[in-house]
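Reader: I would like to learn how to read backbone and packing features in a model. Could we take them one at a time?

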Amino acid sequence: MLTTNPFDDDKLHEECGIFGIWGADTAAAMVALGLHALQHRGQEAAGITSWDGDHFHTHRAMGHVAGNFDSDEVIRGLPGRVACGHVRYSTTGEKALRNVQPLYADLASGGFAIAHNGNISNAMKLKRELVRRGSIFQSTSDTETIIHLVATSTYRTLLDKFIDALKQVEGAYSLTCVTPEGMLACRDPLGIRPLVMGKLGDATIFASETVALDVVGADYIRTVEPGEIIIVTEGGSRSIHPFAPVNARPCIFEHVYFSRPDSIVDGSSIYSVRKAIGAQLAIESPVDADLVIPVPDSGVPAAIGYAQQSGIPFELGIIRSHYVGRTFIQPGDQVRHLGVKLKHNANRALISGQRIVLIDDSIVRGTTSLKIVQMMRDAGASEVHLRIASPPTRHSCFYGVDTPERAKLLAAKLDVPGMADYIHADSLSFVSIEGLYKALGESKRADVRPQYCDACFTGDYPTTLTDQDDLAPTDQLSLLAERVA
């Protein structure tokens, strides 16, 4: 099997998206629609769990939402006015149905279903302790650790057990949980992963991005605050803040790449921010060229901003077919190269003889950039200048993003001139970390606390990384494998 998308294979990938709804007559159908809108956040598997007031019902499947949740039979098998759902992405570790969320367990207080966006960075340590105490794990997902912590808590009420469990975990989490007592939605104290709240008539909705609210026709109410737990019951909703207050550090890469451009994240339009990043990149790294060309699709808003700021015309120099997914062909370099062109092809008549500025959102391993630059040269470009709408990615993420181990990150191995030589570009520049913060309307200075988690660029991790610190260097790859299982 050959993946024919040369541009998505070498990207950082958000590992999941979540959607929960309380009080809708067609709850499971609404969740399915919401998950469609969040498909970009996880394309390996999807699941929905509903509650009909007496029983829980779950359907989980490998693959996309479409094809698994678009039949009346499946939706009828998920009755009830309450449901939560999850889309998952993973490129390493075990790809198995037992790891597909929502995860469900029968606790002493009743059924408990959980959908999780993020990563628990001390999950392995907690799991070892829980197993020693008698817990039996059914998956390799870090999310299951939360279920066992809730189940074994000595506090009396389910809410207190839930709070007790979360106080023991470190890392990033946005959660939607369905219980007979109500729906729980929460965000970790640093707010690393996003979560928003909406309303559709009398129904209350939680989703990873506002675009999921748009798709189901819901009104955006507000962002769930870092460290906030919202409890929704038939009597309405209430909010508590049970954790010690800390300075929030939401993931900055949500603005650069993960979120859809038509979403609002932490009060900011993703599309507008990406245009501002492109404009800042043009100010910091101008080049004498004829055309600005985006790497589709994620590079488009930044390329528009770069073109508007620089005065260089914006053109679609790479054309994407939206009707090609995976192509089943025999391996081999020549046939593989032809397969790649099924999905993306250079606009040769536009590019030939031109000095072009390519705009992309990031460089990970560098293999994608190498292909893109060569594609432009094969199409006759006289010069190829690559501009990246984020700083160099030099560090792995441990907060719910699929990142290669650091040794495979190109920017961790080479300086910028070395990277330019590797990908055969005439020039290469990245937006500065200060410029990125400026595009977000913030300041990145030594005397100002970071407003975002930018660890992938700076190595400044906002939490302890217990599982990482406990492992010998030779065990790091094994951790990465289990982390995204």
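Reader: Is H424 buried, partly exposed or exposed?

Author: This is a predicted model, and in it H424 has a relative accessible area of 46%, so H424 counts as partly exposed, since the class runs between 20% and 50%. The residue sits in the loop between α14 (416–423) and β25 (427–430).

Reader: What is the phi of H424, and which general rule helps me to read the value?

Author: Most residues other than glycine have a negative phi, and most peptide bonds are trans. H424, although not a glycine, has a positive phi of about 65°. D266 is likewise not a glycine and has a positive phi, of about 50°; its place is in the loop between β16 (264–265) and β17 (268–269), and at 31% relative accessibility D266 is partly exposed.

Reader: Which peptide bond leads into P102, cis or trans?

Author: The bond from Q101 to P102 is cis, with omega near 0°, and P102 belongs to the loop between β6 (82–88) and β7 (103–107). P296 and D297 are also joined by a cis peptide bond, with omega about -10°, and D297 lies in the loop between β18 (291–294) and α9.

Reader: Turning to packing, how many residues does the largest nonpolar core have?

Author: The largest nonpolar core has 40 residues, and Y306 is among those with the most contacts inside it, together with F253, I277, V292 and L436. Elements that each supply at least two of its residues include α8 (270–284), α9 (300–310) and β22 (355–360). Leaving aside neighbours within four places in sequence, Y306 is in contact with residues including G278, V292, V357 and R387.

Note on methods:
Residues are numbered from 1 along each chain as its sequence is written. This is a predicted model: local features need pLDDT of at least 70, side-chain atom pairs count only at pLDDT 80 or more; totals for chains, interfaces and linings use all residues. Side-chain values use heavy atoms; hydrogens and water are left out. A nonpolar core is a set of buried Ala, Val, Leu, Ile, Met, Phe, Trp, Tyr and Cys residues joined through side-chain atoms within 4.5 Å. Buried means under 20% relative accessible area, exposed over 50%, partly exposed in between (1.4 Å probe, protein chains only). Helices (H or I, at least four residues) and strands (E, at least two) are DSSP runs, numbered from the N terminus. Contact means heavy atoms within 4.5 Å.
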